[in-house]
Amino acid sequence: MNETPNGSVTVIGLGLMGQALAAAFAGAGHPTTVWNRTPGKADDLIARGAVLASSVDDAVRASALVVVCLSDADAVRDTLGPHRAALAGRTLVNLTSGTSGEARELAAWTADYVDGAIMAVPGLIGTPEAFLLFSGSQEAFDRHRDSLGRLGTATFFGTDPGLASLYDVALLGVMWGMLNSFLHGAALLGEAGVDAAAFAPFANQWAASVTGFISEYAGQIDKGGFPADDATLETHLATMKYLVRESAAAGVDTEWPARIQALTERAIEAGHTGGSYAALIEVFRGRA
Ligand code: FVH
């Protein structure tokens with residue numbers, strides 16, 4: 001089915017995120033059909049003009065673009081599996097979090113499958129700050145690019161349906177790494193009577209500097225060489241030990257910094273003496 005401007009959209013799953021997605025489509029003027037296992041969650045959307053389908057099958061058949069956002073891949077299989085026939089000729093965009101393997105498996109359901117990952121909280125949906133990652137059918141994505149753009153800034157990574165999910169988990173790893181480090185640092189400074197709010201601006205400023213390291217190290221990783229133009233692994237290791245010792249002395253949990261220290265020691269033991277911090281990629285690759 002070809003999309004018309006402001007073409008009809010179905011949203012299946014009205015949890016916190018699904019409601020935000022449906023509200024963005026309805027608010028942008030798309031005729032929007034919704035379905036949720038628990039019907040009461042559609043009330044606000046109905047007030048905004050969305051139509052509640054009485055069955056999954058009706059919901060799928062209502063639109064050329066079917067967006068699903070459920071808890072996990074099992075819920076997608078349970079909900080849409082019995083209605084695969086109705087998907088023929090429609091585009092299925094799966095915004096449910098999952099693994100790349102699950103995405104590739106679901107892609108076998110229909111030629112017009114696009115997998116997606118949402119890098120935003122529900123409150124940001126419909127703004128350019130929300131960024132959404134897509135992969136799968138190029139043709140289907142192109143056909144619905146404008147509609148999907150209503151949700152935020154959309155990026156398409158190519159025809160491997162698993163790529164959006166891989167980017168998703170890799171980016172979430174970046175988030176958790178940064179947040180763990182901030183929380184550990186806040187615990188450490190908190191023992192000295194420093195509020196987290198006082199630490200936060202410095203953590204933010206330093207995080208902005210670190211983004212520069214990421215770009216530099218990405219170049220080293222892709223070239224396969226790790227010249228220490230800034231600081232050697234040994235210099236990093238020496239200062240890491242202070243973080244572990246300070247934590248132990250303050251009664252703050254040492255597991256997080258000790259893990260970082262252990263990874264660095266493994267890189268040095270594997271022969272990356274004098275290399276840059278980017279050499280740790282070999283540890284993560286399982287080669288050190
Ligand atoms: N919320 C967020 O900030 C994040 C941002 C990044 C991406 N995630 C992913 O989005 C998926 C949905 O997340 P959510 O926040 O909307 O989750 P809930 O509010 O818990 O809603 C879950 C919906 O899934 C329905 N559901 C669950 N199991 C089944 C099932 N077996 N059959 C049918 N529907 C099912 C549930 O229905 P109900 O409980 O209301 O009846 C909700 O509609 C998720 O992958 C995040 O990782 C969001």
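**Note on the ligand site and a helix pair**

1. An oxygen atom of the ligand sits 3.2 Å from a polar backbone atom of G15, and a reader should keep in mind that this distance, like the others below, comes from a predicted model.

2. Two side chains also make polar contacts with the ligand: a polar side-chain atom of K41 is 2.6 Å from a ligand oxygen atom, while an N or O atom in the side chain of T79 is 3.4 Å from a ligand nitrogen atom.

3. Around the ligand there are 21 residues, and the closest of them are M17, N36, T38, K41 and S97.

4. Turning to the helices, the axes of α4 (residues 73-80) and α5 (residues 100-107) come within 11 Å and cross at roughly 15 degrees. Because angles under 35 degrees count as roughly parallel, α4 is roughly parallel to α5, and the crossing in which α4 passes α5 is left-handed.

5. Which residues of α4 and α5 meet? On the α4 side they are A73, V76 and R77, and on the α5 side E102, E105 and L106; the residues of this contact divide into three nonpolar and three charged, with no polar ones.

How values were computed: Residues are numbered from 1 along each chain as its sequence is written. This is a predicted model: local features need pLDDT of at least 70, side-chain atom pairs count only at pLDDT 80 or more; totals for chains, interfaces and linings use all residues. Side-chain values use heavy atoms; hydrogens and water are left out. Axes are lines fitted to C-alpha atoms, for helices over the stretch in contact, and angles run from 0 to 180 degrees between N-to-C directions. Helices (H or I, at least four residues) and strands (E, at least two) are DSSP runs, numbered from the N terminus. Angles under 35 degrees count as roughly parallel, over 145 as roughly antiparallel, 65 to 115 as roughly perpendicular and the rest as oblique. A crossing is left-handed if the near helix is turned anticlockwise from the far one by less than a right angle, and right-handed if clockwise. Contact means heavy atoms within 4.5 Å. Ala, Val, Leu, Ile, Met, Phe, Trp, Tyr, Cys and Pro count as nonpolar, Asp, Glu, Lys and Arg as charged, and the others, Gly among them, as polar. A residue is near a molecule or strand if one of its heavy atoms lies within 4 Å of it. A polar contact is a pair of N or O atoms within 3.5 Å; within protein, one must be able to donate a hydrogen and the other to accept it, and residues adjacent in sequence count only if both atoms are side-chain atoms.
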